[in-house]
Amino acid sequence: MANYSYDETGNMAAYFVLTFLSIFLVPYTFASLFSSNKPQSLPGCECQQCIAQRERIRKRERGSLLTPKLRRRTLIIIAGWSIVGLLVYKVKQSATENKLYDPFEILGISTSATTKEIKSHYKKLSRKFHPDKVKLAVNETMEAVEAKFVEITKAYKALTDETIRKNWELYGHPDGRQEISMGIAIPPWVVESRNNIWVLGAYGLIFGGALPAIVGRWWFGNREKTKDGVHSRSAATFFKGLSEESGIDDVTSSLAKAFEWELASAKLGKAESELAELERRIKEKLNGKWDELVKLAEAVPKQHERRRRAFILFYAHLLRLPVQHPTLQKEQTQLLLQTPILLNAMLNISMARNWLLPTLAAMRLHAFLAQAIPPSQADLKAAQLPGVDPSDASALPKSESSDFAAAISSLSNSKPSALPDAQKALERLGHVEIVDASFKVIGERFVTPSAFVHLLVKLHLAPLTKDGRPVPLPKPETNEKRDNEFLNSKKDTEDLPQGGYVSGYAHAPHWPANRKPSWWIVLADIKSNKVVVPPLKITDIPVADPQRGIDYRSYKIQFQAPQTVGLFTWKVHVVSDTFVGEEASREVVLKIDDPSVLAAEEQQQNGDDDISDPEEDSLAGQMALMRGGKVKKRQEEEEESDEESSTDEEGGKNDDDSSSDSD
C-alpha cells in the first residue's frame, strides 16, 4: 500500500524547481552569449568630437566600472543562476532519502566476501560499536550509537540468516515488504487548514488579478501601436497634418505633435527653470520664428505641456544648446532616439499617397537631426565640420561644390588648431555620385506596356581631399555581363567582393547613438509631384578607389511599367539620412514601345521579306521613326516609278529609230 506524504524537507520541490529552471536558463544563456544582435564593432570618425561622443554613448549604454548598467536579460540570467546555485547547495547538503538497502555497504565489505569473512568482520564491528564499549563524543547521543549497532546487526543477519537474506533478496529489505512512500513536491504548509485563506488569496491574486492584467496590458498596448511601432494617435496626427504640398516646417510640426503620446513618461515640473531659460535662448537664436513654430506645432503652454517640453528639447538639440539637468538630458536622448521611428512612420504614410514633397522633407529631416542643424537652413551645410559654428557657416559661399572647401579655407585662417579635426571629418563625409541610372527589362531590349521593369542605379562616394573638394574620378566602363548577373539575382543590392569596402560609423558628434550612414533612392515624377515607386533604403555605398578595383555598386528597384505607350521623363533622387545637403539627382527617360511595332520589326530582322517597312505616314511608321527604325518613304517610291516610266519611253524611241534605219 502506497503512503503519500508532502515534502517536509523541501528536497523534492528543490529538484522540481531546479529542473524547470535549467530547461529555461541553459538555452536562454547560450542565446545571450552567442547572440547575433550584438552591435558590430565598426571604425568611426577620428575627430575629437566624435571620439568624445562615442565614449559618452558607451558609458550611457554600458555604464562604468563602479556603476555598471545591466540589461534586463543580464539581470534575469544572474538571478536565475543564483537560484540554481542555492538549490544545488540545498540538495547537496540534504540527507539522501529512499536509498536502496545494501548490507555490504553498511558492513563495509566486498560483495564477494565469504560467510567466514563476514562473521569475522562483524565481530570486529561489534567490539567497536557496541553501546557498552563506545565512549560518547561531544555531539553524540546514546540513541544514535544504539541505532548504528542495530543497523550493523541487521546487515549481518541479512547476509547470514537464510530467512532474513531471502527477504532482502526479494523485497530489498531484511524486514520484508515495506510501504511505498510517494512524495509530493509541495511543502505541507500549503495544504494546512490554517493557511487556506492565505493560499486561496495568493491564487486569486496571481490567476485572477496579475495574469489578466499582464495579458490585458499586452493586448491593449499592441492595439495602441501601429505596425511601425508608433502610437496610433501619432499616426493619426501624421495622416491629418500632412498634405501634398507639405514642406519641412510642416513635417517638423507634425513630428512635434507626436511627442505628446510617444513620451508619456516625461516627468512634468522637473527642471522648469532651465527649460524656461532654454526657450528664451531658442527665441534669440531663431529671431522671432519660434512663436510661429510653436503655433504650428500647437505646443501651447498649460494646454499641451508635455508637447511643449519635448519641442523645447528638440530645438535645443538642433541649435546645439547644452542641457545641464540630468532629467532633461535623459528626456532629450529618449526623444531623439525615438524620432527615426516616428519619421519612418511618417514616410510610410506619405509614400502610401505617393506624395513627393513631404517624402523628401521627412528624409532630409533625418540628416538635420543627425548633424544638429535647424531645418530649412541648407546654407549651414559646412557647420557639420568640427570647429565651424552655424554662425560662421552662414557667412560662407553657398555654392554646393565649394562650401566644404570654403569652410576649410576659413578654418586655416581663423582656427588653425581645428583644421586637423575638420580634415578627419572629411574622410567620413564623401560626396555621393550617380554613375549611371537606366531602365532594364530582363531578356528584352525594349520596354512594353505593363512589363516588369528594373530601375538600375549605380552609385559611389567620391572621396574629399583635405581642402574639401571632391576627387575627380574616371567614368567606369559599362559591364553588360556584371549588370545582367545582378539583374537576374534576387537581391536589391549588389554584393561587394569579399574583403571589400564596409562603411563605418558616420561623423555625427551631436547624435546620441553610433550612426551608420544610409541613403534613399527615390524615383519621382517632378511634373505631377508624385513618387513613382516606393523608395529603396540602402547603406554601404563604397568609396571609389580605382586602384583597388572599386568603381561603383549597383542597386535595383522593380516595378510595373505604365500601360500607355510614350516617353516618361522622371528623376532619380539619392538622399542621405545622415549628412545635410548630401544629395544627388539625375533625369531618366522611360520609353514604352508598341508591341505590334516591335513584333513587325522582329520579323523583319529574322529575314521575313513578305513584310516591308511601315509607311512613313502610318502610325506604325511614326513609332518606328521614334525608335530610330526604317520606314518606307512615299516620295522615293514615286520618284522611282517616274524614272522607270521615263526609261521605258526612251527605250521605245530607240526601238523606232533602229527600225527606221533598217528600212
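**Exercise 1. Locate alanine 372 in this predicted model, and determine whether the residue is buried or exposed.**

Step 1. Alanine 372 sits in the loop that runs between α15 and α16, the latter covering 390-393.
Step 2. The backbone of alanine 372 has a phi near 55°, which is a positive value in a residue other than glycine. Most residues other than glycine have a negative phi.
Step 3. The relative accessible area of alanine 372 is 1%, and since buried means under 20%, alanine 372 is therefore buried.

**Exercise 2. Carry out the same analysis for serine 450: in which loop does the residue lie, and how does its relative accessibility classify it?**

Step 1. Serine 450 belongs to the loop between β3 (431-440) and β4 (452-462).
Step 2. Although serine 450 is not a glycine, its phi is positive, at about 65°.
Step 3. The relative accessibility of serine 450 is 28%; because the partly exposed class lies between the 20% and 50% limits, serine 450 counts as partly exposed.

**Exercise 3. Describe how helix α10 and helix α15 are arranged with respect to each other, and state which residues make the contact.**

Step 1. Two packed helices are described by the angle between their axes and the distance between the axes.
Step 2. For α10 (residues 248-262) and α15 (residues 357-371), the axes come within 9 Å and cross at roughly 70°.
Step 3. Angles of 65 to 115 degrees count as roughly perpendicular, and α10 and α15 are therefore roughly perpendicular to each other.
Step 4. The crossing in which α10 passes α15 is right-handed.
Step 5. On the side of α10 the contact is made by Ile248, Val251, Thr252 and Leu255, and on the side of α15 by Pro358, Ala361, Ala362, Arg364, Leu365 and Phe368.
Step 6. Sorted by class, this contact of α10 with α15 comprises 8 nonpolar, 1 polar and 1 charged residues.

**Exercise 4. Characterise the largest nonpolar core, and name the residues that leucine 385 touches.**

Step 1. The largest nonpolar core contains 84 residues, and those with the most contacts inside it are Phe259, Phe311, Phe314, Tyr315 and Leu385.
Step 2. Helix α14 (residues 326-352) gives the most to this core, contributing 10 residues.
Step 3. When residues up to four places away in sequence are not counted, leucine 385 touches Phe404, Ala407, Ile408, Ala422, Ala425, Leu426, Leu429 and His507.
Step 4. Another core, of 30 residues, lies apart from the largest one, and its members include Leu461, Ile541, Phe568 and Val572.

Conventions. Residues numbered from 1 in each chain as written. Predicted model: local features only at pLDDT ≥ 70, side-chain atom pairs only at ≥ 80, totals over all residues. Heavy atoms only, no water. Core = buried A, V, L, I, M, F, W, Y, C linked by side-chain atoms within 4.5 Å. Buried < 20%, exposed > 50% of the residue type's maximum accessible area, 1.4 Å probe, protein only. Helix = DSSP H or I, 4+ residues; strand = E, 2+ residues; numbered from the N terminus. Contact = heavy atoms within 4.5 Å. Axes fitted to C-alpha atoms, helices over the stretch in contact; angles between N-to-C directions. Parallel < 35°, antiparallel > 145°, perpendicular 65-115°, else oblique. Left-handed = near helix turned anticlockwise from the far one by under 90°. Nonpolar A, V, L, I, M, F, W, Y, C, P; charged D, E, K, R; others polar.
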